[in-house]
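Biologist: Before I look at the model, could you show me how to read its features one at a time, giving the general idea and then the case at hand?

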Amino acid sequence: MAEVTLEAFGVHWFRRDLRVSGNLALKWNLQKTQGRTLGVFFFDSKFLSRPDFSHHRFGFFLQSLKALKTELRQRGGDLWVIDKPPEEGFKWIFSGVSQLPTHVSWNRDYEPFARARDARMLQLFDKEGIQVHTERDHLVIEPHELVKESSDSPFYKVYTPFAKKWGSIFLGQEIQKRIHAQKEALEELEKRDRGQELERDFRLRWDSLHENFKSKENVRDALEDFIQENQKRLTIPLPPAGSLAAFRAVKEFLPKLPRYLEDRDYPAVSGTSKLSIYFKNGSLTPALFLSYVDLAGTHLSQKNGKSQFFKELIWREFYYHILYHRPEVENEAFLTRYKDLEWSNQNRWFEAWKRGQTGYPIVDAGMRQLSTTGWMHNRVRMIVASFLTKDLLIDWQWGEKYFMNQLLDGDLAPNNGGWQWAASTGCDPQPYFRIFNPTLQGKKFDPRGEYIRKFVPELKKKSDKEIHQPSSGYVEPIVDHALQRQRALALFRKLPPKNA
């Protein structure tokens with residue numbers, strides 16, 4: 001290992017871990033370089049050109065980066081946002097400094113694209129003799145830590161046994177130690193929330209290295225340019241961004257946690273956390289949340305708000321484990337027998353669904369909430385996904401991509417898993433013969449029509465009974481649910497049942 005000198009420094013490569021507090025890979029780097037650690041973020045053109053790219057989510061991500069940069073500078077550090085992919089960007093940095101960094105750190109990711117990229121980066125750093133350190137961050141338990149003992153499959157395809165195994169590992173000493181390690185982060189966040197100044201534990205900024213750059217290429221930080229350009233394409237208000245905003249969101253949600261089990265399915269009630277937008281970019285992690293919430297005595301078998309929210313966090317990890325072990329699910333059905341379903345894929349219906357003009361009030365309320373806020377209540381996500389795949393007979397991948405285009409919390413693994421669950425093509429799916437009736441769903445989960453009236457104002461004057469009917473008059477229903485249900489059943493019954 002290279003010895004730390006006055007000139008030696010480290011680089012922490014930020015990706016989806018946009019915070020300082022509780023960032024264990026960053027902390028490792030700071031300790032190794034005695035505070036001479038610099039932050040860097042690279043914009044990869046491949047990411048920006050993905051078909052599921054969202055200007056709204058990108059805008060929120062940029063604001064999260066801006067909050068991170070501000071905090072780092074307040075603590076004596078720095079963040080350089082570079083408009084180059086990581087391989088090209090690191091090589092460019094290396095060519096411009098008189099001495100290479102001694103250490104590079106980052107937090108691990110599990111998506112197919114990220115895993116391939118990181119393997120290439122490890123080769124680059126090894127060639128340059130730079131010590132690399134990575135940590136787990138946005139998952140509590142990583143895929144390689146939770147495997148089946150039987151030989152038929154190395155991973156769990158059903159949530160319930162996965163959750164049981166996950167829960168037993170979670171209670172172990174090693175995982176509890178990781179959770180406890182976030183206590184220091186919580187103390188820092190509490191201080192920031194009270195307006196107290198934190199220690200300046202960083203001792204290096206990029207401009208001190210720029211003077212020694214051999215390269216004369218412009219070293220302008222790209223963050224503000226990206227913010228200004230992307231701002232032109234935003235059509236929704238963005239929520240507060242950054243780790244402090246995430247921490248405040250946790251504190252706001254905690255009083256609701258005892259009633260989470262009862263309230264989470266009712267879209268007119270503010271009973272969910274909306275923390276997923278912060279989990280997505282790492283301003284908050286499940287480990288940090290679990291460190292803040294007292295889980296003593298909480299078991300998955302219990303029927304209460306705390307236990308139910310715990311289960312939702314495990315669902316998130318379940319879908320990441322599936323993506324890790326079966327990366328092809330990003331582009332095809334998990335259950336291979338459904339890979340070639342003959343979807344109708346009528347563009348006219350798809351456009352009506354996107355606009356919230358299907359004639360089914362609860363569906364249209366959800367789609368309008370999505371287009372005007374960048375978020376949709378989770379119960380309604382299931383309803384609109386079922387309607388697209390089972391009533392309109394449109395390929396789940398169309399809906400998955402549209403959600404990723406619109407959602408501020410759009411996250412590949414949970415989004416893919418949720419859509420495949422609704423379409424009955426995924427792991428542990430909704431059975432294909434259980435098809436949501438959108439009218440009954442509306443009556444059950446929005447009984448007084450409050451949610452519908454908010455997002456479908458054409459129905460404000462309808463009675464609580466009338467407001468759920470597809471014949472309510474604001475737009476002609478595009479399909480007949482009973483008829484489409486029979487067609488959906490016939491579509492799936494064409495294929496013989498087989499194991500995935």
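Modeller: Let us start with burial, where a residue counts as buried when its relative accessible area is under 20%, as exposed when that value is over 50%, and as partly exposed in between. Please keep in mind throughout that this is a predicted model. Arginine 178 has a relative accessible area of 14% and is therefore buried, whereas arginine 348, in helix H16 (residues 347–355), is exposed because its value is 57%.

Biologist: With which residue does arginine 178 form a salt bridge?

Modeller: The general idea is that side chains of opposite charge can pair when their charged atoms come close. In this model, arginine 178 forms a salt bridge with glutamate 145, and the closest N and O atoms of the two are 2.4 Å apart. Arginine 178 belongs to helix H7 (residues 173–180), while glutamate 145 is found in the loop between strand E5 (131–135) and helix H6 (159–170), so the pair ties together parts that are 33 residues apart in sequence. Glutamate 145, at a relative accessible area of 22%, is partly exposed.

Biologist: Which residues are linked with these two in a network of salt bridges?

Modeller: The network links Arg108, Arg136, Glu142, Glu145, Glu174 and Arg178. For the structure as a whole, the count of salt bridges is 39.

Biologist: Which parts of the chain does the pair of glutamate 190 and lysine 251 tie together?

Modeller: Glutamate 190 and lysine 251 form a salt bridge in which the closest N and O atoms are 3.4 Å apart. Glutamate 190 sits in helix H8 (residues 183–193) and lysine 251 in helix H11 (residues 243–253), so this pair ties together parts that are 61 residues apart in sequence. Glutamate 190 is partly exposed, with a relative accessible area of 21%, and lysine 251 also counts as partly exposed, at 30%. For another case, take lysine 232, which forms a salt bridge with glutamate 229 at 3.3 Å between the closest N and O atoms; lysine 232 counts as exposed at 64% relative accessibility, and glutamate 229 as partly exposed at 36%.

Biologist: Let me turn to the strands, then: are the faces of strand E1 covered or uncovered?

Modeller: One reads a strand by asking which residues point to each side and which strands pair with it. Strand E1 (residues 10–13) has both faces covered, since Gly10 and His12 on one side and Val11 and Trp13 on the other are all buried. Strand E2 (residues 37–42) runs parallel to E1 and is joined to it by four bridges, with tryptophan 13 standing opposite valine 40 in E2. Between these two strands the chain passes through helix H1 (residues 24–32), and the resulting β-α-β crossover is right-handed. E1 also pairs in the parallel sense with strand E4 (residues 103–107), over three bridges, and there glycine 10 stands opposite histidine 103.

Biologist: How many aromatic pairs does the structure hold, and how should I read their geometry?

Modeller: The structure holds 46 aromatic pairs. Phenylalanine 41 and phenylalanine 61 form a tilted one, 5.4 Å centre to centre and with 50° between the planes. Because phenylalanine 41 lies in strand E2 and phenylalanine 61 in helix H3 (residues 55–74), the pair ties together parts that are 20 residues apart in sequence. Both are buried, phenylalanine 41 with a relative accessible area of 6% and phenylalanine 61 with 15%. Tryptophan 166 and phenylalanine 170, by contrast, are stacked, at 5.3 Å centre to centre and 10° between the planes. These two lie in helix H6, four residues apart, which is about one turn of the helix; tryptophan 166 counts as buried at 1% relative accessibility, and phenylalanine 170 at 5%.

Biologist: Which residues form one aromatic cluster, and which charged residue lies over the face of tryptophan 13?

Modeller: The cluster consists of Trp13, Phe42, Phe90, Phe94, Trp106 and Phe125. Over the face of tryptophan 13 lies arginine 15, at 4.6 Å from the ring centre. A further case is lysine 84, whose charged end sits over the ring of tryptophan 92, 5.4 Å from its centre.

Terms used. Residues are numbered from 1 along each chain as its sequence is written. This is a predicted model: local features need pLDDT of at least 70, side-chain atom pairs count only at pLDDT 80 or more; totals for chains, interfaces and linings use all residues. Side-chain values use heavy atoms; hydrogens and water are left out. Buried means under 20% relative accessible area, exposed over 50%, partly exposed in between (1.4 Å probe, protein chains only). A salt bridge is a side-chain nitrogen of Lys or Arg within 4 Å of a carboxyl oxygen of Asp or Glu. Two strands pair if DSSP finds at least two bridges between them. A crossover is right-handed if, with the strands pointing away from the viewer, the path from the first strand over the helix to the second runs clockwise. Rings of Phe, Tyr and Trp (its six-membered ring) pair if their centres lie within 6.5 Å; planes under 30 degrees apart count as stacked, over 60 as edge-to-face and the rest as tilted. A charge sits over a ring if NZ of Lys or CZ of Arg is within 6 Å of the ring centre and within 35 degrees of the ring normal.
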